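Welcome! Please take a moment to look over the sequence and the structure below, and then follow along with this short tour.

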Amino acid sequence: MADRDAHQQRMFAEYVLPEVEVLLRVAMSLTTQRADAEDLVQDTLLRAYRAVGRFDGRHPRAWLLTIMRHAEVSRRRQRRPRLLDDPDTELERLVPARDATPEELVVDTTFDEAVDAAFTALPLRDQQVVRLVHVDGLSYAEAAQVLDVPKGTVMSRLHRARKRIRNQLLAAGVESERGGA
């Protein structure tokens with residue numbers, strides 16, 4: 001019994017713990033609320049700990065993301081709809097991260113608002129793909145695993161999302177730092 005527990009702890013430390021940061025980033029993309037993301041990661045870690053003895057050691061990130069996806073589906077079934085989002089998260093976004101000139105703040109704010117509006121206008125499934133690939137840094141295959149769709153679906157959704165954002169930024173007359181939308 002003690003040997004089995006020690007083996008389980010070693011496997012957990014080797015395969016699961018190095019992926020906690022990625023799990024948190026993905027959870028933030030899936031839930032949008034920090035507390036919910038932390039709860040989802042906690043649930044994922046608990047489920048992984050219970051199952052690590054049956055894990056074959058191949059593709060730990062994919063294994064964990066699958067556990068997370070299943071945990072999130074279960075959580076959504078049990079959860080009541082949120083009536084209000086936390087207004088404090090918006091205040092944190094408005095605080096400038098560095099000292100900037102007033103002109104830079106206005107330009108940055110205008111560009112950020114235009115990008116945010118373009119992103120928000122996307123269908124939810126396209127928003128999820130953009131978050132997973134561009135914010136969380138997952139590969140197409142990893143994003144496909146999280147969303148339980150083929151890799152080609154991730155690629156086509158991402159292509160459509162980028163095109164929609166680009167077109168909306170061009171229509172709004174907003175340019176990025178590179179000189180294009």
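## A word before the tour

Helices here are DSSP runs of H or I with at least four residues, and they are numbered from the N terminus. With that naming in hand, here is a first spot to find: α8 is followed by D148, whose phi is positive, near 60°. We will come back to D148 further on. Please keep in mind that this is a predicted model.

## The overall picture

How many helices and strands does the chain have? There are 9 helices and 0 strands, and reading along the sequence gives the pattern α-α-α-α-α-α-α-α-α.

Of the chain's 181 residues, 34% count as buried. Contacts also link distant parts of the sequence: among those between residues at least 6 apart, 63% join residues at least 24 apart.

## Where α2 meets α3

Let us begin with helix α2 (residues 20–31) and helix α3 (residues 34–51), whose axes come within 8 Å and cross at roughly 130°. That angle makes α2 oblique to α3. The crossing of these two helices is right-handed.

Which residues make this contact? On the α2 side they are V20, L23, L24, A27, M28, L30 and T31. On the α3 side they are R34, D36, A37, E38, L40, V41, T44 and L45. Sorted by character, the residues of this contact are 10 nonpolar, 2 polar and 3 charged.

## Where α1 meets α3

Helix α3 also packs with helix α1 (residues 2–16), at an angle of about 130° and with the axes 9 Å apart. The two helices are therefore oblique to each other. Here too there is a handedness to note: α1 passes α3 in a right-handed crossing.

The α1 residues in this contact are Q8, Q9, F12 and V16, and they meet L45, A48, Y49 and R50 of α3. They divide into 5 nonpolar, 2 polar and 1 charged. L45 is worth finding in your view, since α3 uses L45 in its contact with α2 and also in its contact with α1.

## A closer look at V16

Is V16, a residue of helix α1, buried or exposed? V16 is buried, with a relative accessible area of 0%.

Leaving out residues up to four places away in sequence, V16 touches M11, L45, A48, W63 and L64. For one of these partners, L45, the C-alpha atom is separated from that of V16 by 7.6 Å, while the two residues are 29 apart along the chain.

## T66 and D126

T66 sits in helix α4 (residues 60–78). Its relative accessibility is 19%, so T66 counts as buried, the cut-off being under 20%. A polar atom of the T66 side chain lies 2.9 Å from the backbone oxygen of A62.

Further along, D126 belongs to helix α7 (residues 124–135). D126 is buried, with a relative accessible area of 0%. What does D126 contact, leaving aside its neighbours within four places in sequence? The answer is R157, R160, A161 and R164.

## A117 in α6, and the buried side of α8

Helix α6 (residues 102–120) holds A117. At 39% relative accessibility, A117 counts as partly exposed. The C-alpha atoms of A117 and Q168 are separated by 8.7 Å, with their positions 51 residues apart along the chain.

Now for helix α8 (residues 140–147): which of its residues are buried? They are E142, A143, A144, V146 and L147.

## Two loop residues with positive phi

Most residues other than glycine have a negative phi. Two residues of this chain are worth a look with that in mind. H59 is not a glycine, yet it has a positive phi of about 55°. H59 is found in the loop between α3 and α4, and it is exposed, with a relative accessible area of 55%.

And here, as promised, is D148 again. D148 lies in the loop between α8 and α9 (151–172). Its phi, near 60°, is a positive value in a residue other than glycine. Is D148 buried or exposed? With a relative accessible area of 54%, D148 is exposed.

Notes: Residues are numbered from 1 along each chain as its sequence is written. This is a predicted model: local features need pLDDT of at least 70, side-chain atom pairs count only at pLDDT 80 or more; totals for chains, interfaces and linings use all residues. Side-chain values use heavy atoms; hydrogens and water are left out. Axes are lines fitted to C-alpha atoms, for helices over the stretch in contact, and angles run from 0 to 180 degrees between N-to-C directions. Angles under 35 degrees count as roughly parallel, over 145 as roughly antiparallel, 65 to 115 as roughly perpendicular and the rest as oblique. A crossing is left-handed if the near helix is turned anticlockwise from the far one by less than a right angle, and right-handed if clockwise. Contact means heavy atoms within 4.5 Å. Ala, Val, Leu, Ile, Met, Phe, Trp, Tyr, Cys and Pro count as nonpolar, Asp, Glu, Lys and Arg as charged, and the others, Gly among them, as polar. Buried means under 20% relative accessible area, exposed over 50%, partly exposed in between (1.4 Å probe, protein chains only). A polar contact is a pair of N or O atoms within 3.5 Å; within protein, one must be able to donate a hydrogen and the other to accept it, and residues adjacent in sequence count only if both atoms are side-chain atoms.
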